[in-house]
Amino acid sequence: AAALLAGLRAEIRAHTARDRPFTLLSFATSLDGFLAEVRRQPDGSEAKAPVALSGEASLTLTHHLRGAVDAILVGVGTALADDPLLSVRRPGAGPSPQPVVLDSDLRLPPGARL
């Protein structure tokens, strides 16, 4: 992981030195393509529940990747459904990036955690 991160940081520096943006796509999905499972509630209704898709090593890498970039872009649907922190929460992983939300209808509530 350390070699991967060192290479990533070198690539970011090379791109920014040439006034070119560096874009990184990172996501997790289950085999069926969904990020939540539906669970039946005691009253018979159904509710979505988050599914843990990553192990500790993957989460650590994710936080180091966050610490290597300037911003994290999410859609308003993700922001509303998950209310993610999008911050770095591992010691030594770097500074937290600026969250950027694509929200053309201004639906993100002022109290969102990002």
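Which pattern does the protein chain follow when read along the sequence? In this predicted model, the order is α-β-β-α-β-α-β. Colouring by secondary structure should therefore display three helices and four strands.

**Whole chain.** Begin with the C-alpha trace and align the view to the principal axes. Along these axes, the C-alpha atoms fill a box of roughly 55 × 35 × 25 Å. The radius of gyration is 17 Å, well over the 13 Å that the globule rule gives for 114 residues, so the protein chain is more spread out than a compact globule.

**Surface.** Next, switch on the accessible surface. The protein chain exposes about 8300 Å², with carbon and sulfur atoms supplying 57% of that area. Of the 114 residues, 20% are buried. Then select the charged side chains: there are 12 positive and 12 negative ones, and the centres of these two sets lie 6 Å apart.

**Nonpolar core.** Now select Leu-5, Leu-8, Ile-12, Leu-65 and Ala-68, which form the largest nonpolar core, with five residues in all. Helix H1 (2–17) and helix H2 (56–68) each supply at least two residues of this core. H1 gives the largest share, three residues.

**Ile-12.** Centre the view on Ile-12, a member of that core. Leaving aside residues up to four places away in sequence, Ile-12 touches Phe-22 and Ala-68.

**Contacts.** Finally, return to the whole chain and display its contacts between residues at least 6 apart in sequence. Of these, 57% join residues at least 24 apart.

Technical notes
Residues numbered from 1 in each chain as written. Predicted model: local features only at pLDDT ≥ 70, side-chain atom pairs only at ≥ 80, totals over all residues. Heavy atoms only, no water. Rg over C-alpha atoms; globule rule 2.2 N^0.38 Å. Buried < 20%, exposed > 50% of the residue type's maximum accessible area, 1.4 Å probe, protein only. Contact = heavy atoms within 4.5 Å. Areas by Shrake-Rupley, 256 points an atom, 1.4 Å probe, with all protein chains shown as cover. Lys, Arg positive; Asp, Glu negative; His and termini not counted. Charge placed at Lys NZ, Arg CZ, Asp CG, Glu CD. Core = buried A, V, L, I, M, F, W, Y, C linked by side-chain atoms within 4.5 Å.
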